[in-house]
Each structure stands twice: as structure tokens, then as C-alpha cells.
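Thanks, everyone, for making the time. I would like to walk through one part of this structure with you, slowly, and take the pieces in order.

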Number of protein chains: 2
Amino acid sequence: MPVISAPEITRFVEQILVAAEVPPHKASIAATSLVASNLRGVDSHGIQLLPFYVDQLLAGEMDPRTDGRVISEFGSCLHFDGQNGLGQWIADTCCRHAVRIASAQGMAMVVARESNHFGAAAWWAQKMRAAGQIGIVMCNASPLVPPWQGKEGRLGTNPICMSVPGPWLLDMATTTVAAGRIFKAMINGKPDIPPGWAFDSEGVPTTDTARAYKGMLMPLGGYKGSGLAMMVEILCSVLSGGAMANELGGIRFRGKTVRVSQMFMAIDVSRFMPVEEFTARVERLVKVMKTTPTAPGYEEVLVAGDPEWRREAERLRNGIPIEQGNWDALCKTAARVRVTAPVV
Amino acid sequence: MPVISAPEITRFVEQILVAAEVPPHKASIAATSLVASNLRGVDSHGIQLLPFYVDQLLAGEMDPRTDGRVISEFGSCLHFDGQNGLGQWIADTCCRHAVRIASAQGMAMVVARESNHFGAAAWWAQKMRAAGQIGIVMCNASPLVPPWQGKEGRLGTNPICMSVPGPWLLDMATTTVAAGRIFKAMINGKPDIPPGWAFDSEGVPTTDTARAYKGMLMPLGGYKGSGLAMMVEILCSVLSGGAMANELGGIRFRGKTVRVSQMFMAIDVSRFMPVEEFTARVERLVKVMKTTPTAPGYEEVLVAGDPEWRREAERLRNGIPIEQGNWDALCKTAARVRVTAPVV
């Protein structure tokens, strides 16, 4: 398996984006955020996405030059039109607005419509965390998930992410797994996936990767997962006036813009207590969880963020292993825009 | 099974609370909110709770006379100390603050510590809905749930509730089921519960009602349910400075105050679009879900709120059936405070 350092692959991704006509300052933000996801071990939201972004860019289905625009700002609320710009640029802009508004008002709700894929939500929620705030980020996504008891994809994996000052970070799809986990199995030639991940195209549960790839994802825990996905849909697309549910495109589909909506909420912790006190309380809560005696068959209790921070420390030290299928796809994409791949 | 009309049982519950020294205006709010839950078919959060409340009141473990106090208010943020008052009174007060602040600022985050059980979150989130706002309500709860891979209860069922202008209402525990579902099976002598609901006290999955009653609830879908419960815990107790996780008491435990924390968030829809437009968009989204072809074995796609609204229409017409075990417990409680039960 090719192994590459974070700075090296970031440079490579950046070059590819610039060659695909993304302005350099935006390419840099997108490359950094994608590689950050690989560092955390969340490969489904890392450089695996790049070939799809480049497909979109070369097909002229995304406008990397627009900065988007503020539709309105009032008190804690900001309404943003992404104008089909680069998702990472829109997210970065909206996070800056959210932090600014929450600093002034105590909290902020920034909702963007007509955006594009922004990578992993965790990267953006951590922008608020870096400002001593609680960051909550959600977005709707391509309709790959049937509502519970249905058999046609109408909802997305619609993730919920929250980052706080302290050792805890949640970033979860409201399906059993993120779509990228199935794409990853497909790209890398794994024939089977675990039960509970997906339905085939008839709405029957399946463990066959190819059938799942053409099928649909399962809502987390049944009807409650569908409820959470609708919550995300309402806070993102209904409120933003953007494309809802099956009106969305997707990065894997050509001939249609993505039209995703995103929500960035910030809460200024210092309105309730000093950030140091809040952080200490989060640490204490996390310790209560981690010192729980383990259930039969388990050796450790982990909290949200633990596996990713461990992986990050290791990959910063040893480099990022990229599965062969992903590496080949990346090099093929580089060749399309005449960028030379680094030797790994 | 006894059947009783909503006004009649509301009056009965109110009389019991007043006899247990709850001021009449607070007793009225609590009784109405509890019976509203029975009307919606959510019997686990209805009058079934009253005997526990009365136990608390008679043991002097809750102070029904205090109104609580505002610790601070700044911009969109309000910090409230419930001072161990009646949960429903604190919730009602906090909802009024949330609606007021969101009307002025666009959004509001009201966090209360040292509160008591407030019934079902849905009743409170609907206060924001009635004002043309999105209401999000969460609370922490007695530590009946082990963190994923643990075998000791350290987290609560920590519900997430969202109400919006439009035909959709989510109110879900972050466990497979709410604790009240197991209490209901126990109170009414049902020996078994479905798989996936609970662990025994050793952290082994069980379907035995008695073992589950003494055991722990399962987090929704495994580690993601634990992540959501922690999200709720952080937004409620960490941020409020209240009791966290296993520091909480519970309505079924004597000799300890409950010390629950609650969060009431309001978002003023009109900062983004007219409420009528938002409502029409929610209706359209719900229609997209309900017109999804059904999966094999199902006849209809429902969205969050559907089962409860149907049940409510029926129970408003035909009265509320109360299981014999629940009715007996209610009459026994009434007798303790010398209130005569109505004839049913």
C-alpha cells in the first residue's frame, strides 16, 4: 500500500485542484481539509473525494471562482447563498461568520444553500472549537437513504457533527455508516460489507458490496435515524430555501449540480462559564465514561473522537497509507489535468 | 382497561399535585403537560410519572414553591438555575424566555441546571413552534445507560426533540427505547421485552423485563447512540454547570435530588423566510417521504409525529385508556394525599 506524508499529499491535491481551475487560496483550503480527514483515518472523506470533485470541475458543474454571498444577516442569524461554489470555500467563509457572530451575540446560526460537498463536517466544527466555542455542523446529502419503511432513496446520510473545547468530537452520519464506506469497499475490490449497512435497490437488506453500491444506506437504528436525517434536512435545506431531499444531485452524478445545504452553529461557551472551566468539565465527563468497567467482550470504553485522534498521531508520525485503488484513481485524475504524481 | 377523558384526568392529576403542596398555577401546567403526553399515546411520559413526582414531593426532595432564577442573560444566551423546583414550571419559564429572546435576536439558547423531570420534551418544543419558531429541547437523565462497550449506567436516555411549524415533530431518546417503556412493561406485569432494548446488570443483552428493569438501556445503534447522548449531556449539564452523568439522581430513587439539566433552543424562522413559506416547505418535504414506495413488508411510510397525532385525534374523541397497573398506582397515590379518584 502506498504511504505518503501529509505535506506531500496536500501539495499533490492542491496542484490537481489548481490545474482544474480552482484559485490557489481555495485549493489550499480544500486540500488541507481533505488530507486532515485522511490523517484522522476517515478515508471516506479524504482524498478519495478528489476524483469526483475534478469530474465536477471539468464538466463545468461547479463554479470554483464565485465567493458566494450573504443574503441577510440579523442578530444571530446569517443566510448565505453558496452560488454553486467550492464547498470547502463556502464552509470556511460560513465558519468565519459563525465565529464572529457568536462572539458578539453569544450564538450564531449560519445556513448556506447552493453549496457543494465540503468534505468531513468535523474539520469545520473544529473552527468554532478553536475560537473557544461549541461548533455544530450539519448538511444534507445525495438521496441514497430511504425513509424508514420506504424503498427509494429520498434522504441523505445527513451528518451531525459537534466539536467542543475538550477531548470529545462527534461526527456521524445518521445512517449506520457513511456512504463513503461502501464506495471505499467498491473502489478497493472488497466483495462484502457487514450486515446492517445497506439495502439493495429493492429495499431488501444486503451484504453484497456491488448491490449495496447500487442500492441504499440504512437509517441508524431504523425510524429514529430517519427522524434525525429529517431534523438535519429541515435545519439545512428547508431553512436555507435550498434543494431538499431528492432534489439534490451528488458528486458521483454528472449532468446535475450538487445543490447541498449546510448549517454552521456556534455557541460561545464564555456566556455560561469561563472556557477553561467548561473544558475541565468536558474532561471530567469523558473520564467518567472512560473509567466505566467494560462489558463482556470489550477491553476499553472509547468516546467520540478517540479513534480518530489516535490515528492522527500515528499518521502524522508514519505517513498516510492510501489503498491502491484510491491511489490509482488519484493518479488517473492527476494525469487528466497534466499533474505529475509524486513517487511513493 | 379504565378509559377516562382528558379534562377529567387532568383535573384529577391537578388535585393530587395541589394536595402534595404544589401551587395551583404550577399544578395546572404540570397536569396539562402530562396528560398531553397520554393523549399522544406516549404513556411512558404521561400520568405514569405522577406517583414518582408525589414520592419526591412528600419526601421533601423537590421544592415546588421556588420559581428558579435567571443567572445571566446575554444576547442569545440565558443561563437559568432551577433551584430544584418543579420541572414543568422551570421548562415553561425557560420556553417563555427562549421565545422572547429568539424573537429579538433570531435565536436563543436557554440552559437550566438543578431542574426536575419535565415530562415529555415534545410539549416544550411545541411552545416555540406555536410562536413560529423552531424549538429544540434536550435534557440529561438518570444514569441508566452504559457508554458503548461499558457495563455500568453512566449516561441517561438523553432525549433530542425538535418541533417546527409544519407536520413533523421528533422526540426521541438516544437509546433504542425510553426507560418508561421498560417501566411500563414492569408496572403492567409484562414478562418480556423485545431484543435490543436493554442489558442486564452485567452488561449482557436481555429480553427479561425484570432483569432489564434492574439493568441498563441500550444506546441507539451502538456507539453512535452514546455519541448523541454525550452531545446532549454537554449541551445540557456541562454548559449549565449542573450535575453531570452519574451525579444525577432520578425520580425512582429516594434520598437524592434529581438535579437534571435542560436545554431550550429557539430559532426564529422568519429571519430566513416567511413562516408560511417555511411551513409549506416542511409540508412538501414530508410529502416526499410519505409518497416513497414502501419496502417489502410495510404498508406506509410515516414521519416523526405521525403516530402521535393520529393517536391524539383518537384519544380526544374516545378518551384515554389507562392500563390497570398505571390506574391502580395513580389511585394509590391519590389516596396518600387524600384525593378521591373519579369513577371510570
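I will talk about a sheet in chain B, then about the helices beside it.

Please keep in mind throughout that this is a predicted model.

Let me begin with the sheet as a whole, which is open, has seven strands in the order 2-3-4-11-5-6-7 of chain B, and shows mixed pairing. Its edges are formed by strand 2, residues 69-74, and strand 7, residues 169-172, of chain B, each of which pairs on one side only. On average, and with direction ignored, neighbouring strands of this sheet are turned by 15 degrees against each other.

Now to strand 11 of chain B, and to which strands it pairs with. With strand 4 of chain B, residues 107-115, strand 11 of chain B pairs in the antiparallel sense over seven bridges, and within that pairing B:Ala112 stands opposite B:Gln262. With strand 5 of chain B, residues 133-139, strand 11 of chain B again pairs in the antiparallel sense, over seven bridges, and here B:Gly135 has B:Ala266 as its bridge partner.

Why can we call strand 11 of chain B largely enclosed by the rest of the structure? Because nine of the nine residues of this strand, 260-268, are buried, and buried here means under 20% relative accessible area. In a regular strand, the side chains alternate between the two faces of the sheet. For strand 11 of chain B both faces are covered, with B:Val260, B:Gln262, B:Phe264, B:Ala266 and B:Asp268 buried on one side, and B:Ser261, B:Met263, B:Met265 and B:Ile267 buried on the other.

Moving to the edge, strand 6, residues 160-163, and strand 7 of chain B run antiparallel and are joined by four bridges, with B:Leu169 as the bridge partner of B:Ser163. Packing on the sheet is helix 4 of chain B, residues 87-105, which touches strand 2, strand 3 (77-81), strand 4, strand 5 and strand 11 of chain B, and whose direction makes about 160 degrees with that of strand 4 of chain B.

Helix 4 of chain B also brings us to helix 3 of chain B, because the buried residues of helix 3 pack against helix 1 (6-19), helix 2 (24-39), helix 4 and helix 11 (324-336) of chain B. Helix 3 of chain B, residues 50-58, is mostly covered, with seven of its nine residues buried, among them B:Leu50, B:Phe52, B:Tyr53 and B:Leu57. After helix 3 of chain B comes B:Gly60, whose phi is positive, near 70 degrees.

Technical notes:
Residues numbered from 1 in each chain as written. Chains lettered and ligands numbered in written order. Predicted model: local features only at pLDDT ≥ 70, side-chain atom pairs only at ≥ 80, totals over all residues. Heavy atoms only, no water. Buried < 20%, exposed > 50% of the residue type's maximum accessible area, 1.4 Å probe, protein only. Helix = DSSP H or I, 4+ residues; strand = E, 2+ residues; numbered from the N terminus. Pairing = 2+ DSSP bridges. Axes fitted to C-alpha atoms, helices over the stretch in contact; angles between N-to-C directions. Contact = heavy atoms within 4.5 Å.
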